[in-house]
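Got the model open in your viewer? Follow along and select each stop as we reach it.

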Amino acid sequence: MTTSPLLRIAVLWIAGLGASMQFAKITVSFPTLQQIYPGSDATLGLLLSSISVLGVLLGLVAGQMVASFGFRRMLVWALVGGGILSGFQSLLPDLGWFMASRVIEGVSHLSIVVAAPTLMALLTPEKWRFLSMTLWSAFFGVGYALTTAFGPWLIDTFGAGAVFATHAIYMLLMSVLVALFLPKGATERPPFPGFVALMKRHVAAYSSPREFAPGAGWLFYTCTFVSLMTVLPLLLEGFDRDVLIPMLPIASILSSFTISALLLRSYAAVTVVQIGLAASLVISAAALILPLNGWLFVALFVALGLVQSGSFAAVPQLNTEPASQALSNGAMAQMGNLGNLVGTPLMFALLTSLGTTSVYLMLMVCFGGAIAAHGWLAHLRRRQAS
């Protein structure tokens with residue numbers, strides 16, 4: 001079927017929303033899950049982040065696998081697998097089986113976040129690529145916003161498993177649309193390497209200041225986004241909790257499409273990331289002395305919008321070959337999964353034992369670490385070029 005690049009990009013992006021919802025469906029269902037599965041918040045925090053376990057172990061493997069076995073094919077099967085697992089979770093099984101399904105779901109999530117942005121970059125003309133990557137960067141925030149908006153109504157109307165069942169239907173529908181509208185053979189497929197070659201490729205990717213740079217900053221960013229979306233409803237009340245928290249992902253989306261898009265026209269993607277990180281660090285430091293206020297977190301998520309769009313735009317900007325882009329997306333997924341895996345349980349543990357101040361200190365450490373990592377890798381790139 002012959003389709004326009006714009007339609008293909010739209011299908012890819014809408015499919016990507018399903019990957020965001022793999023996290024958001026737990027966040028939205030968290031209060032209900034606390035009643036169904038009594039236990040500590042830290043344990044249920046692992047239910048949120050356990051999807052990241054395989055992503056931590058297999059991020060670059062997925063990048064190579066997607067490149068070798070076909071972006072479209074892997075994306076279709078990732079959507080089908082994710083839909084089946086969400087259908088199983090809608091039955092609200094025993095916590096151990098639920099946790100196991102979340103771990104396996106990590107394969108689906110990982111394949112989507114590697115294949116979809118790589119295909120988007122391939123299908124977009126070079127002069128508009130930063131815009132398509134800005135669009136892709138919004139997938140996480142949009143998926144969260146939609147789930148936050150409709151999830152509570154689904155739970156109240158149809159029961160605790162409704163969000164998972166709706167996600168299952170969504171994923172299966174998107175697998176059909178991807179199969180129908182995306183072309184086969186979008187790029188050549190390099191052979192999947194043997195174990196030794198794969199390990200060497202890991203070393204090469206993580207020692208490359210170009211392939212690894214987007215993932216290095218993404219590690220620290222992902223320690224904060226999902227964690228805050230899950231913890232803040234426990235800290236804020238009234239208007240701040242009911243109105244401002246659902247606005248947080250929307251604030252990052254609007255920032256990506258306005259402030260970040262304007263900056264990306266004039267500045268390198270990594271520079272835009274650094275601007276966002278510096279602003280996030282300042283806002284987190286201000287939170288230490290200002291009263292707890294939802295608007296402060298809205299400002300923080302505006303700054304984080306620059307980090308998310310700039311990070312995705314940096315992948316094709318720093319890596320021109322599709323195989324390198326796939327590996328860079330794989331490294332980014334691996335680091336992002338590591339951040340998601342440790343971020344929420346760590347923030348819950350800090351909040352429980354040390355109080356709200358420790359949350360702000362964790363944010364400052366994450367944003368400061370990301371600034372330092374990007375600064376060092378930029379130095380290595382300049383040294384390579386000289």
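Start with the whole chain in cartoon: you should be looking at 16 helices and zero strands. Keep in mind that this is a predicted model. Of the 386 residues, 58% count as buried. If you draw the contacts with a sequence separation of 6 or more, 85% of them join residues 24 or more positions apart.

**Stop 1: the main core**

Select L75, F139 and L228. In the largest nonpolar core, which has 108 residues, these three touch the most other members. Now colour helix α14, residues 294-318: its 14 residues are the biggest contribution to this core from any element.

Stay with L228 and show what surrounds it. Setting aside neighbours within four places in sequence, L228 is in contact with P233, F297, L300, F301, M347, V359 and L363. There is also a second, separate core of five residues, and L154, I155, A162 and V163 are among them.

**Stop 2: the aromatic rings**

Show the aromatic side chains next. How many aromatic pairs are there? The count comes to eleven.

Zoom in on W153 and F158 for one of them. Their ring centres are 5.7 Å apart and the planes meet at 85 degrees, so this pair is edge-to-face. Is F158 buried or exposed? With a relative accessible area of 59%, F158 is over the 50% cut-off, so F158 counts as exposed.

Then jump to W218 and F312. Here the centres are 5.0 Å apart and the planes lie at 70 degrees, so this pair is edge-to-face too. The two rings link distant parts of the chain: W218 is in helix α10 (residues 213-222) and F312 is in α14, 94 residues apart. Both W218 and F312 are buried.

Widen the selection to F139, Y144, W218, Y221, F225, F301 and F312, and you have one aromatic cluster. F139 was already on your screen as one of the core residues with the most contacts to other members.

**Stop 3: the bent helix**

Isolate helix α7, residues 139-158, and look along its axis. The helix bends by about 35 degrees at F150, with a proline, P152, following within four residues. Colour by burial and the buried residues of α7 turn out to be F139, F140, G141, V142, G143, Y144, A145, T147, T148, G151, L154 and I155. Step just past the end of α7 to G159, where phi is positive, at about 110 degrees.

**Stop 4: the enclosed space**

Switch on a cavity display. The structure holds two cavities of 30 Å³ or more, and the largest encloses about 200 Å³. Among its 17 lining residues, H109, V113, F139, W218 and F312 are the closest to the centre. So what lines it, element by element? Two or more residues each come from α5 (95-123), α7, α10, α11 and α15 (322-354). Helix α15 gives the largest share, with six residues.

**Stop 5: the open pocket**

Now look for the largest pocket, with a volume of about 510 Å³. Its lining has 20 residues, and T27, V28, P31, P152 and P233 lie nearest the centre. P152 is the proline that follows the bend in α7, and P233 is one of the contacts of L228. The elements giving two or more residues to this lining are α1 (5-36), α7, α11 (225-235) and α12 (238-266). Helix α1 supplies the largest share, seven residues.

**Stop 6: two small residues**

Finish with a pair of selections inside helices. First pick G83, in helix α4 (residues 71-89). Its relative accessible area is 2%, under the 20% cut-off, so G83 is buried. What does G83 contact, apart from its neighbours within four places in sequence? The residues are A168, M171 and L172. Draw a C-alpha to C-alpha distance from G83 to I169 as well: the two are 6.5 Å apart in space and 86 residues apart in sequence.

Then select S255 in helix α12. At 2% relative accessibility, S255 also counts as buried. Not counting residues up to four places away in sequence, S255 touches S260, V302, G305 and L306.

Note on methods. Residues numbered from 1 in each chain as written. Predicted model: local features only at pLDDT ≥ 70, side-chain atom pairs only at ≥ 80, totals over all residues. Heavy atoms only, no water. Core = buried A, V, L, I, M, F, W, Y, C linked by side-chain atoms within 4.5 Å. Buried < 20%, exposed > 50% of the residue type's maximum accessible area, 1.4 Å probe, protein only. Contact = heavy atoms within 4.5 Å. Phe/Tyr/Trp six-rings, centres within 6.5 Å; stacked < 30°, edge-to-face > 60°. Bend = angle between axes of the 7 residues up to and from the residue. 1 Å grid on protein atoms, 1.4 Å probe; cavity = no way out; pocket = protein on both sides within 12 Å on 5 of 7 lines; lining within 4 Å. Points joined across faces, edges and corners; volume = space filled by probe spheres on them.
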